[in-house]
Amino acid sequence: MSTGAISRAQIGAGGAGAPVSHRPLGILAALPQELGDLIEAMRAESGVRTITHGQRDYHVGTVHGAPCVVTLARVGKVAAAATVSALIHAFDVDAVVFTGVAGGVGSEVRVGDIVVANALMQHDLDASPLFPRFEVPLLGVSRFTADGALADQLAAACERFVAEEGAASAARFGTREPRVHRGLIISGDQFVASATGVEALRDALPDALAVEMEGAAIAQVCYEYGVPCAVVRTISDTADDHAPQSFVSFLTEIAGTYSNAILKRFLEARRVA
Ligand code: ADE
């Protein structure tokens with residue numbers, strides 16, 4: 001199917017074993033490595049119904065006890081906005097969680113740490129002097145707040161992961177023991193990979209903790225439709241001249257392990273909540 005709404009019968013109304021009335025959670029990442037084994041875990045637990053819509057595959061089923069629709073947004077703000085819009089309109093998700101990696105911007109944020117967004121903004125949006133720098137024209141908002149309860153649940157899952165497996169992960173991957181940070185994540189359509197680039201972001205937005213390419217677009221669409229959203233990012237690089245190599249090795253070797261560990265704890269806790 002390439003256009004139009006998707007029926008509840010096609011979606012399977014929450015996947016095998018889920019109550020029919022349960023609206024699913026939307027889970028997305030930009031790249032396959034950032035989703036870890038989530039789709040395989042869904043296949044093993046409930047089976048997967050895959051629906052192709054707008055050139056993306058949406059995987060519908062139950063994973064770690066939670067009815068979910070899992071998909072890849074691909075990279076950048078337009079891709080993210082289009083994907084989350086489909087999750088809301090075609091799949092009727094009741095909330096959205098984005099998982100992936102980001103470049104560390106805050107001075108205390110190191111490779112291997114985890115950042116859960118309290119707020120998100122587009123660092124490359126500038127319609128000045130017509131509108132204040134960073135403000136979304138006609139919406140009058142520059143910072144989009146993550147849903148407090150969802151972000152708390154995500155951060156609690158991250159803290160449990162760090163307490164239970166942080167030391168072992170650090171030893172395995174040669175990173176420092178992960179810390180969990182909460183605060184501002186900034187998004188733009190650039191991979192930031194220079195000392196001057198990341199310094200300019202720190203100067204413009206001193207409270208920014210991490211930079212990536214999708215989160216604020218998702219937060220804006222969710223804000224406009226009143227859908228709760230939260231974003232968790234593991235730090236793959238520090239957005240400086242070493243960023244490309246650090247990003248690639250973190251993405252291929254570590255990102256999936258972190259994502260699996262965090263999402264498993266988050267989804268299992270949702271089931272019992
Ligand atoms: N995602 C991971 N690292 C990033 C960086 N340095 N810039 C933008 N997005 C990223």
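In this predicted model, D124 has a relative accessibility of 27% and counts as partly exposed. D124 forms a salt bridge with K77, and the closest N and O atoms of the pair are 2.6 Å apart. D124 sits in the loop between β6 (114-122) and β7 (144-145), while K77 belongs to helix α4, so the bridge ties together parts that are 47 residues apart in sequence. K77 is buried, with a relative accessible area of 10%.

**Salt bridges**

Searching the whole structure gives 13 salt bridges. Three of the pairs are tabulated here.

| Pair | Closest N and O atoms | Separation in sequence |
|---|---|---|
| D92 and R23 | 3.4 Å | 69 residues |
| D124 and K77 | 2.6 Å | 47 residues |
| R265 and E164 | 2.8 Å | 101 residues |

D92 forms its salt bridge with R23 at 3.4 Å between the closest N and O atoms. D92 is located in the loop between α4 (77-89) and β5 (95-104), and R23 in the loop between α1 (8-11) and β1 (25-29), so this pair ties together parts 69 residues apart in sequence. D92 is partly exposed, with a relative accessible area of 31%. R23 is also partly exposed, and its relative accessible area is 38%.

R265 and E164 form a salt bridge whose closest N and O atoms are 2.8 Å apart. The pair links distant parts of the chain, with R265 in helix α9 (residues 255-272) and E164 in helix α5 (residues 148-173). R265 is buried at a relative accessible area of 11%, whereas E164, at 53% relative accessibility, counts as exposed. Elsewhere, E34, E212, E214 and R233 are joined into one network by salt bridges that share partners.

**Nonpolar cores**

The largest nonpolar core contains 40 residues, and I27, C68, I114 and L267 have the most contacts inside it. Helix α5 contributes nine residues, the most given to this core by any element. With neighbours within four places in sequence left aside, I27 is in contact with L35, L38, C68, V69, V70, T71, V97, L263 and L267. Another core, of 39 residues, lies apart from the core around I27; A30, A86, A102 and I218 are among its members. In soluble globular proteins, nonpolar side chains tend to be buried together.

**Strand β4 and its partners**

Which strands pair with β4, and in what sense? β1 and β4 run parallel and are joined by five bridges. Across this pairing, G26 stands opposite V69 in β4. Strand β3 (residues 56-63) pairs with β4 in the antiparallel sense, over six bridges. In that pairing, G61 has C68 in β4 as its bridge partner. β3 and β4 form a hairpin with two residues between them, and H64 in the turn has a positive phi of about 50°.

How many of the seven residues of strand β4 are buried? In β4 (residues 66-72) the number is six, so the strand is largely enclosed by the rest of the structure. C68 of β4 thus recurs in two settings: C68 is the bridge partner of G61, and C68 is listed with the residues that have the most contacts inside the largest nonpolar core.

**A residue in α8**

V248 is found in helix α8 (residues 243-253). At 47% relative accessibility, V248 counts as partly exposed. The C-alpha atoms of V248 and R133 are separated by 32 Å, and the two residues are 115 residues apart along the chain.

Note on methods:
Residues numbered from 1 in each chain as written. Predicted model: local features only at pLDDT ≥ 70, side-chain atom pairs only at ≥ 80, totals over all residues. Heavy atoms only, no water. Salt bridge = Lys/Arg side-chain N within 4 Å of Asp/Glu carboxyl O. Helix = DSSP H or I, 4+ residues; strand = E, 2+ residues; numbered from the N terminus. Buried < 20%, exposed > 50% of the residue type's maximum accessible area, 1.4 Å probe, protein only. Core = buried A, V, L, I, M, F, W, Y, C linked by side-chain atoms within 4.5 Å. Contact = heavy atoms within 4.5 Å. Pairing = 2+ DSSP bridges.
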